[in-house]
Amino acid sequence: MHIWEIWRWLRGVVVFRAEGGLCERFLSLLCALDPPLDMWDIRRESTAVTVSCRASDYRRLRHVARRTGTRVRSVRHYGLPFSAKPLIRRPGIVIGTALAVVLYMLLSSRIWLVDVQTEDPALVARIEAVLADHGVGIGLPMKEVDIPSLRMQAIAQIQEINQLSLYFDGSIARVGVQLQKPGASPPDTHPCHIYAAQDGRIVSLRATVGQPTVMEGEAVLQGDLLVSGITQTAQGPLFHHATAVVLAETTRTFEECITLTESVPCDGRIIEQPSLTILSWTLPLYSPFTPDGTWTVSEHERFLSLFGTSLPIGITSTRYTEQTQTTVTYTREQAEALARERLETRARTVLKEAQIDRVQWNGVWEGERYCLRAVYRCTEDIAKEIPLLSP
């Protein structure tokens, strides 16, 4: 839209029709007025003329129209003064608008949300405490913050971070943190032996430090000494932290039993306690409740947003879920499938670092009880460090 059209709309526009009398004389006198009358879109229609002018100039037409015997009638009017006229007649809207503007001016100068961009709740609480000491917190006025000083204090007080950034997004203080990368732990130098963690047959033994006590192909039992951390010298025994990789063929047995009818945990009643959060105030919207028995507790937040920006108004709910037992009945096919699924899950957890060579399955029905037995043939590292007593 042209800038002049916007300006005219803000001041209001009246489109009038002039007919009869001396229309040409009428228009000439309008142009000669002091101050001049702004007219545009002048159109001739047989014996009449249609003209647009400012709403504030419309009353000036009457005197000229009487002198020339011209009849003037408003055809259409539009613009801000005419659109706002119905609202002015309702004082509640005007007062509410003024109050909203005042509240916006007062509240927009304060911080109503601190967004610390990390997922650790404990770390978030510690960072917010440091921010509050430097004037950055919910309900506090936004002002010039000494960010370099804030960054140094945060890094000095919180060892888990090595960088901190702060910027304001409306009434939101967004805080970005960079966590310390876990450094490599220093090597363990305490003297120790290496023992067998499982029964098996040695496939390969690579000792970096220490004296091997078994050979490849030899069968060992759980607890047998594999690599000694003591070396005999002319000056006496020398103690080491033995290190080695000992691969052995092992046999692992897992068993899982499923009855056709069993009790399994499930969720029971759900009780939700909502609270209305406005800025830094919380208004409970529930009656008191004391849970008895076994319940799980979770927090849920639903805040309003405007153009992608979270507003400090929303609902915070505390949800209590009762943990109960329910009876489940399986068919024989379902029991066999469930037993295999549970057994494989447990085996994967225990043998996560082992190489599984083959598996033997054996399932037996004992009345309404199905027992599944699996024998895993694996190749795994059975080295287990056990510290020596102080020399």
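Helices (H or I, at least four residues) and strands (E, at least two) are DSSP runs, numbered from the N terminus.

**Figure 1. Overall view of the predicted protein chain.** The protein chain holds 8 helices and 22 strands. Its radius of gyration is 42 Å, well over the 21 Å that the globule rule gives for 391 residues, so the chain is more spread out than a compact globule. Along the principal axes, the C-alpha atoms fill a box of roughly 130 × 65 × 50 Å. Of the 391 residues, 29% are buried. Among contacts in the chain with a separation of 6 or more, 66% are between residues 24 or more positions apart.

**Figure 2. Helix α6, residues 121–133.** At 1.5 Å a residue, the 13 residues of α6 should span 18 Å, and the end C-alpha atoms are 19 Å apart, which agrees. The buried residues of this helix are Leu123, Val124, Ile127, Val130 and Leu131. Seen down the helix axis, these buried residues fall within an arc of 125°, so they line one face of α6. An α-helix has 3.6 residues a turn, so residues three or four places apart point the same way. Pro121 and Asp133, on the other side of α6, are exposed.

**Figure 3. Packing partners of helix α6.** The buried residues of α6 pack against three strands and one helix by name: β5 (113–117), β6 (161–169) and β7 (172–179), together with α7 (147–157). The residues making up this buried set include Ile127 and Val130.

**Figure 4. The two ends of helix α6.** At the N-terminal end, Asp120 acts as the cap. A side-chain oxygen of Asp120 lies 3.3 Å from the backbone nitrogen of Ala122. Beyond the other end, Gly135 comes just after α6 and takes a positive phi of about 85°.

**Figure 5. The open sheet β10-β12-β8-β22.** In this sheet 4 strands are joined in the order given, with antiparallel pairing. Strands β10 (211–212) and β22 (383–387) are the edges, each pairing on one side only.

**Figure 6. Pairing of strands β8 and β22.** Strand β8 covers residues 192–196, and 5 bridges join it to β22. The two strands run antiparallel. Within this pair, Ile194 stands opposite Glu385 in β22. On its one paired side, the edge strand β22 (383–387) meets β8 in the sheet order.

Conventions: Residues numbered from 1 in each chain as written. Predicted model: local features only at pLDDT ≥ 70, side-chain atom pairs only at ≥ 80, totals over all residues. Heavy atoms only, no water. Pairing = 2+ DSSP bridges. Expected span 1.5 Å × (residues − 1). Buried < 20%, exposed > 50% of the residue type's maximum accessible area, 1.4 Å probe, protein only. Arc of directions from axis to C-beta. Contact = heavy atoms within 4.5 Å. Polar contact = N/O pair within 3.5 Å; in protein donor to acceptor, adjacent residues only side chain to side chain. Rg over C-alpha atoms; globule rule 2.2 N^0.38 Å.
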